[in-house]
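I opened this notebook to keep track of what I looked up in one structure, topic by topic. I wanted each entry to be short enough to check against the picture.

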Amino acid sequence: TSFGYSYRKDNIMVDVEAESVKRWLYVMRIVGVAVGCLLIAYGIAMLFVAKEQDLSASIANLYLVAFGLLILLAECQWSYMLGYFKFLRNGFGLGAFYMFVGLMALSADWWCYIVLAVCCVVGMAYCFTACIVKDPLAIGQDEDKP
């Protein structure tokens, strides 16, 4: 499929917009890995740093660690585990999951707003990209397969 205009370089047709979408998705994957690591670190830190934590807050922090791991698996595209979480295989599902996890990270601390903002921005970016491209997470996978 063609996303826009093409030009010829060394007798090879280059789709300009497809290349820019690939770069955009590569940057989003790097940010997504950083968000997953941030969620894991935030969840573990809140287990040990929080003052007088009740059981529900501890369970929510454990969920943040688990969701951070799921985000890392989705960004690394580990197909075995993603077979059980099929909604993480498309742009809308992954974007909605990012926004859900960002809202779940809300608490009374000031740094939770940073986690919320980053998760929601990445989630909206995935949803926006899914509106433009049919399956944004499948771009770039065709070259890897023989």
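The entries below follow the order in which I looked things up.

**Entry: the kind of model**

I noted before anything else that this is a predicted model, and I kept that in mind throughout.

**Entry: aromatic pairs**

I began with the aromatic rings, and I found that the structure holds eight aromatic pairs. I looked up the pair of Phe67 and Phe97, whose ring centres are 5.4 Å apart and whose planes stand at 80°, so I wrote this pair down as edge-to-face. Since planes over 60 degrees apart count as edge-to-face, I could follow that label for myself. Phe67 belongs to helix 2 (residues 55-76) and Phe97 to helix 4 (residues 91-104), so the pair ties together parts that are 30 residues apart in sequence. I also checked their surroundings, and both Phe67 and Phe97 are buried.

Next I turned to Tyr98 and Tyr126, where the ring centres are 5.8 Å apart and the planes are at 15°, so this pair is stacked. This pair, too, links distant parts of the chain, with Tyr98 in helix 4 and Tyr126 in helix 5 (residues 111-132), 28 residues apart. I noted that Tyr98 is buried and that Tyr126 is buried as well. For Tyr126 I wrote down the value itself, a relative accessible area of 0%. I then looked at the backbone around Tyr126, and the C-alpha atoms of Tyr126 and Gly91 are separated by 5.2 Å, although these residues are 35 residues apart along the chain.

Which residues form one aromatic cluster? I listed Tyr63, Phe67, Phe85, Phe87, Phe97 and Phe100.

**Entry: helix 4**

Because helix 4 had come up with both pairs, I checked its length: at 1.5 Å a residue its 14 residues should span 20 Å, and its end C-alpha atoms are 20 Å apart, which agrees. I then looked up the buried residues of helix 4, which are Gly91, Gly93, Leu94, Gly95, Phe97, Tyr98, Val101 and Gly102.

**Entry: the nonpolar core**

I read that in soluble globular proteins nonpolar side chains tend to be buried together, and I went on to look for such a group here. The largest nonpolar core has 26 residues, and the residues with the most contacts inside this core are Leu39, Tyr42, Leu88, Phe97 and Tyr98. Helix 1, helix 2, helix 4 and helix 5 each supply at least two residues of this core, and helix 1 gives the most, with seven residues.

I followed Tyr42 a little further and, leaving aside its neighbours within four places in sequence, I found it in contact with Leu64, Ala105, Ser107, Trp111, Cys112 and Val115.

**Entry: the salt bridge**

How many salt bridges does a search of the whole structure find? The search finds one, and in this salt bridge the side chains of Arg29 and Glu75 meet at 3.0 Å, N to O. Arg29 sits in helix 1 (residues 16-49) and Glu75 in helix 2, so far along the chain from each other that they are 46 residues apart. I asked myself whether each partner is buried or exposed. Arg29 is buried, with a relative accessible area of 18%, and Glu75 counts as buried at 4%.

**Entry: cysteines**

I searched the whole structure for disulfides and the search finds zero. For Cys76, the closest cysteine sulfur is that of Cys37 at 8.6 Å, which is too far for a bond, as a disulfide needs the sulfur atoms within 2.5 Å. Cys120 is in no disulfide either, and the nearest cysteine sulfur, that of Cys119, is 6.8 Å away. I compared their accessibility with care: Cys76 counts as exposed at 58% relative accessibility, whereas Cys120 counts as buried at 16%.

**Entry: two single residues**

I read that most residues other than glycine have a negative phi. I therefore made a note of Gln77, whose phi is near 55°, a positive value in a residue other than glycine. Gln77 is found in the loop between helix 2 and helix 3 (79-82), and at 31% relative accessibility it counts as partly exposed.

My last look was at Asn61, which is found in helix 2 and counts as buried at 8% relative accessibility. Leaving aside its neighbours within four places in sequence, Asn61 is in contact with Gly43, Met46, Leu47 and Gln53.

Note on methods
Residues are numbered from 1 along each chain as its sequence is written. This is a predicted model: local features need pLDDT of at least 70, side-chain atom pairs count only at pLDDT 80 or more; totals for chains, interfaces and linings use all residues. Side-chain values use heavy atoms; hydrogens and water are left out. Rings of Phe, Tyr and Trp (its six-membered ring) pair if their centres lie within 6.5 Å; planes under 30 degrees apart count as stacked, over 60 as edge-to-face and the rest as tilted. Helices (H or I, at least four residues) and strands (E, at least two) are DSSP runs, numbered from the N terminus. Buried means under 20% relative accessible area, exposed over 50%, partly exposed in between (1.4 Å probe, protein chains only). The expected span of a helix is 1.5 Å times one less than its number of residues. A salt bridge is a side-chain nitrogen of Lys or Arg within 4 Å of a carboxyl oxygen of Asp or Glu. A nonpolar core is a set of buried Ala, Val, Leu, Ile, Met, Phe, Trp, Tyr and Cys residues joined through side-chain atoms within 4.5 Å. Contact means heavy atoms within 4.5 Å.
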